[in-house]
Amino acid sequence: MSLRDILIKIFRQDVGSIAIEMYNWVHILYLVLIVGSIVGVYFLFKDKSKETQSLVLKINAIVLIGLYLTDFLVHPFMYGGQDALIVDKLPYHICTLSAILIAIINIFPNKTKAIRVPVTLLGLIGAFYYVFIPSGVTGPDVMAFCYKEIQTFVYHGVLLGYGVLALLFGDIKPDFKKCWIDAIVVVAIILISLGANAAYSIPEEHQYDWFFTTGISFGIPSGIMPFIIFGVFFGTEMVIYGICYLIDYIKNKKLLEQKSA
């Protein structure tokens, strides 16, 4: 057996016999591992110095971009050795694009301060929706522990962890006065995805739906879907903003009560 045959056996899509369906025990296991890991890392480093917490985030970013780039090396072995890349994994989805953007904001922190909050939050939101509603990677014929499923959940778990830890460690601090930047970033990503969908799709053969902006994945008219995507992602960002402000309000109120006691 050649090395190629061995790699095809390892990375093929039908490895294993346990299917993953939305919220069956396997999906719940993935969720427990992801959430448990994030909580564990937070409590392990919550009392450490800001330098240590920053290093944890940088390592997280390195792991994230590593998972994204090395995945392309495996694609030729995933579908019975068809020797092809999975075009859908190009950085036109919010989650795939986030790996590159998070790498950039960590390599050039001073030059990317303006977009640090939206880049981090959008990656968090995309990963959150993906791991909790993974409709595209679940089903009775989808094997739970093949490479594709493991890589997908690990990647999105790391992406989710980066965003959550960045908030908890104070690496980013949402500011309502600057939320217009978030809106611009969401619009820019929508425009990029629309351009990619138009450029890569082959009429009458295959239609890509990066960032779900064509509406095909949900059966929604293409003229409406970009506005829905904007509303969902920008709206969710504003919910996170509100939660952060509420937490700060409660903390400040407790401090005032302690001082006046």
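Five helices, namely α3 (50-74), α4, α5 (113-132), α6 (147-168) and α8 (225-260), each put at least two residues into the lining of the largest pocket. Keep in mind that this is a predicted model. Here's a quick tour of the two biggest pockets, plus a look at a couple of residues, Asn106 and Ile28.

**The largest pocket**

- This pocket holds about 1,000 Å³ of space.
- Its lining runs to 35 residues, and the ones closest to the centre are Asp88, His93, Tyr130, Gly136 and Phe212.
- By residue class, the lining of the largest pocket splits into 20 nonpolar, 10 polar and 5 charged residues.
- One of the helices with at least two lining residues here is α4, which spans residues 94-107.

**The second largest pocket**

- Here you get about 490 Å³ of space.
- The second largest pocket has 15 lining residues, with Leu167, Leu168, Ile243, Cys244 and Ile247 sitting nearest its centre.
- Helices α6 and α8 each bring at least two residues to this lining, and α8 gives the most, with 7.
- Those two helices turn up in both places: α6 and α8 also each supply at least two residues to the lining of the largest pocket, just as they do for the second largest one.
- The lining of the second largest pocket breaks down into 11 nonpolar, 1 polar and 3 charged residues.

**Asn106, in helix α4**

- Asn106 belongs to α4, the helix covering residues 94-107.
- Asn106 counts as buried because its relative accessibility is 14%, and the cut-off for buried is under 20%.
- A polar atom of the Asn106 side chain lies 2.8 Å from the backbone oxygen of Ile102.
- Leaving aside residues up to four places away in sequence, Asn106 touches Lys58, Ala61, Arg116 and Tyr162.
- Those partners can be placed on helices by their numbers: Lys58 and Ala61 fall within α3 (50-74), Arg116 within α5 (113-132), and Tyr162 within α6 (147-168).

**Ile28, in helix α2**

- Ile28 sits in α2, which runs over residues 25-45.
- With a relative accessibility of 40%, Ile28 counts as partly exposed, because that label covers values between the 20% and 50% cut-offs.
- Ile28 and Ile100 are 72 residues apart in sequence, and their C-alpha atoms are 28 Å apart in space.
- As for where Ile100 belongs, its number falls within α4 (residues 94-107).

How values were computed
Residues numbered from 1 in each chain as written. Predicted model: local features only at pLDDT ≥ 70, side-chain atom pairs only at ≥ 80, totals over all residues. Heavy atoms only, no water. Helix = DSSP H or I, 4+ residues; strand = E, 2+ residues; numbered from the N terminus. Buried < 20%, exposed > 50% of the residue type's maximum accessible area, 1.4 Å probe, protein only. Polar contact = N/O pair within 3.5 Å; in protein donor to acceptor, adjacent residues only side chain to side chain. Contact = heavy atoms within 4.5 Å. 1 Å grid on protein atoms, 1.4 Å probe; cavity = no way out; pocket = protein on both sides within 12 Å on 5 of 7 lines; lining within 4 Å. Points joined across faces, edges and corners; volume = space filled by probe spheres on them. Nonpolar A, V, L, I, M, F, W, Y, C, P; charged D, E, K, R; others polar.
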